[in-house]
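Colleague: I am new to this one and would like to learn how to read it. Could you walk me through it, feature by feature?

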Amino acid sequence: MNAPDADGLLAEQLLRLTRRLHRSQKRQLEAADVAITPAQSRLLRTVAHYESPPRMADLAERLEVVPRAVTSLVDGLEASGRVRRAPDPANRRVVRIELTDEGRATLKRLRSARRAAAEDILAPLTAEQREVLGGLLAALVDGVPERPA
């Protein structure tokens with residue numbers, strides 16, 4: 001009989017937890033009547049990360065997707081009034097993506113939904129356990145270099 005694959009079990013638990021977190025966040029967004037796809041949400045958060053409005057190419061690079069994918073996401077966010085395309089003042093052939101007031105309001109609702117989902121998921125843990133978990137997750141996310149494939 002083979003010994004259990006402890007790392008495989010941990011990986012499966014992390015995947016299940018991630019799915020549970022996404023489902024909880026989706027419920028929070030639906031309750032707040034925020035209609036946005038996960039990909040649009042990620043693009044919106046990415047646009048907000050920049051100090052000045054990014055170019056489409058900047059977004060594609062940051063999101064690690066092809067430029068066409070960014071165009072489709074921006075089209076949807078622009079149709080909902082969350083972003084707008086604006087010409088670059090230094091080079092009018094370049095298009096920059098700006099957050100609108102509606103986009104900033106959506107980001108606030110997204111953050112609230114994430115916070116509520118996290119509170120739901122973390123409810124069984126004590127403050128000390130949450131602190132330990134935060135340290136462990138930081139070590140996994142930030143402290144371990146990627147292994148070559």
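**Reading the model**

Modeller: Gladly! Let us start with charge on the surface: R16, R19, R20, R23 and R27 form a positive surface patch. This is a predicted model, in which local features need pLDDT of at least 70 and side-chain atom pairs count only at pLDDT 80 or more, while totals for chains, interfaces and linings use all residues. Residues are numbered from 1 along each chain as its sequence is written, and side-chain values use heavy atoms, leaving out hydrogens and water.

Colleague: What makes a group of residues a patch?

Modeller: Patches are made of residues with over 30% relative accessible area and no salt bridge; like charges are joined within 9 Å, and nonpolar side chains (Val, Leu, Ile, Met, Phe, Trp, Tyr) within 5 Å. Lys and Arg count as positive, Asp and Glu as negative, with His and the chain ends not counted. One member here, R23, is found in helix α1, residues 6–31.

Colleague: How exposed is R23?

Modeller: R23 counts as partly exposed, at 47% relative accessibility. Buried means under 20% relative accessible area, exposed over 50%, and partly exposed in between (1.4 Å probe, protein chains only). Over the chain of 149 residues, 23% count as buried.

Colleague: How many helices and strands does the chain have?

Modeller: Six helices and two strands. Both are DSSP runs numbered from the N terminus: helices are H or I with at least four residues, strands are E with at least two. Starting at the N terminus, the order is α-α-α-α-β-β-α-α. The radius of gyration is 19 Å, well over the 15 Å from the globule rule for 149 residues, so the chain is more spread out than a compact globule. That radius is taken over C-alpha atoms, and the rule is 2.2 Å times the number of residues to the power 0.38. The C-alpha trace spans about 65 × 40 × 30 Å along its principal axes.

Colleague: And how many salt bridges does a search of the whole structure find?

Modeller: Seven. A salt bridge is a side-chain nitrogen of Lys or Arg within 4 Å of a carboxyl oxygen of Asp or Glu. One of them joins the side chains of E98 and R84, at 2.8 Å from N to O. E98 sits in strand β2 (residues 95–99) and R84 in strand β1 (residues 83–87), so this pair ties together parts 14 residues apart in sequence. Both are partly exposed: E98 has a relative accessible area of 25%, and R84 is at 40%.

Colleague: Which residue forms a salt bridge with R96, and is that partner buried or exposed?

Modeller: R96 pairs with D88, their closest N and O atoms being 2.7 Å apart. D88 is buried, with a relative accessible area of 8%, while R96 counts as partly exposed at 22%.

Colleague: Where do R104 and D101 lie?

Modeller: Both are in helix α5, three residues apart, about one turn of the helix. They form a salt bridge, with the closest N and O atoms 2.9 Å apart. D101 is exposed at 61%, and R104 partly exposed at 39%. Salt bridges with shared partners also join D75, E78 and R85 into one network.

Colleague: What about K108?

Modeller: K108 lies in helix α5 (residues 101–122) and is exposed, with a relative accessible area of 59%. Its C-alpha atom is 25 Å from that of V65, and the two residues are 43 apart along the chain.

Methods: Areas by Shrake-Rupley, 256 points an atom, 1.4 Å probe, with all protein chains shown as cover. Charge placed at Lys NZ, Arg CZ, Asp CG, Glu CD.
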